[in-house]
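Work through the exercises below with the sequence and the structure at hand. Try each task before reading its solution.

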Amino acid sequence: MQKINLRDLYPDIYKTDVFLEVTDEVHAVFLADKRADAAYERQMYRYKAYYSLDHDNGIENAVINRPLTPEEILEDKQRREQLYAAVMALPDKQAKRIYARFYLGMTPTEIAKAEGVDVSRVRDSIRRGLKHLAKLF
């Protein structure tokens, strides 16, 4: 008969050492499992086989990006509406330029070409508009 420590096998269940006598066959199974795990870890290390668990089924994505609760969705929607209203309350040029830059994803150079003005004016206008929005929020 061999003694095993249940705390080593189940650390989340047993917080203190609990020894249990098991037959030699059961001990051999635990020992073989421990050796197989060690061999697998060595093989992973040797061949640098650190692969992702996510193989087109979204396992990692589901773990990392938890779904939003209905309250969070509502708060996000209200925050976006408030921000949109604040942007539209800015002077006309600043509002159009901030909308184009952050909602439409245009660069300041593209905005300047579309309006026929210098890029520095667009950047300054966006910067002033963002400062004004920062004061509001």
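**Exercise 1: the pocket**

By class, the residues lining the largest pocket are four nonpolar, two polar and five charged. The model is a predicted one.

Task: find which helices and strands supply at least two residues each to the lining of the largest pocket.

Solution.
1. List the lining: Lys3, Ile4, Asn5, Asp8, Leu9, His27, Phe30, Leu31, Asp33, Lys34 and Asp37.
2. Place these residues on the elements: β1 (2-5), α1 (6-9) and α2 (24-46) each give at least two.
3. Look for the main contributor: α2 gives the most, with six residues.
4. Add the volume: the largest pocket holds about 270 Å³ of space.

**Exercise 2: one glutamine**

Task: decide whether Gln94 is buried or exposed, and state which residues it touches beyond four places in sequence.

Solution.
1. Locate Gln94: it is in helix α5, residues 92-103.
2. Compare its accessibility with the cut-off: buried means under 20%. Gln94 has 12% relative accessibility and therefore counts as buried.
3. Leave out residues up to four places away in sequence; Gln94 then touches Ser125, Arg128 and Gly129.

**Exercise 3: the nonpolar core**

Task: name the residues of the largest nonpolar core and the helices that each supply at least two of them.

Solution.
1. The core has 11 residues: Ala86, Val87, Leu90, Ala95, Ile98, Ala100, Ile111, Ala112, Val122, Ile126 and Leu133.
2. At least two of these residues come from each of α4 (70-88), α5, α6 (108-115) and α7 (119-136).
3. Take Ala95 as one member. Neighbours within four places in sequence aside, Ala95 is in contact with Val87, Met88 and Leu90.

Methods
Residues are numbered from 1 along each chain as its sequence is written. This is a predicted model: local features need pLDDT of at least 70, side-chain atom pairs count only at pLDDT 80 or more; totals for chains, interfaces and linings use all residues. Side-chain values use heavy atoms; hydrogens and water are left out. On a 1 Å grid over the protein atoms alone, a cavity is a set of points where a 1.4 Å probe fits but cannot get out, and a pocket is an open set with protein on both sides within 12 Å along at least five of seven lines; lining residues have an atom within 4 Å of a point. Grid points are joined across faces, edges and corners, and a volume is the space filled by probe spheres set on the points. Helices (H or I, at least four residues) and strands (E, at least two) are DSSP runs, numbered from the N terminus. Ala, Val, Leu, Ile, Met, Phe, Trp, Tyr, Cys and Pro count as nonpolar, Asp, Glu, Lys and Arg as charged, and the others, Gly among them, as polar. Buried means under 20% relative accessible area, exposed over 50%, partly exposed in between (1.4 Å probe, protein chains only). Contact means heavy atoms within 4.5 Å. A nonpolar core is a set of buried Ala, Val, Leu, Ile, Met, Phe, Trp, Tyr and Cys residues joined through side-chain atoms within 4.5 Å.
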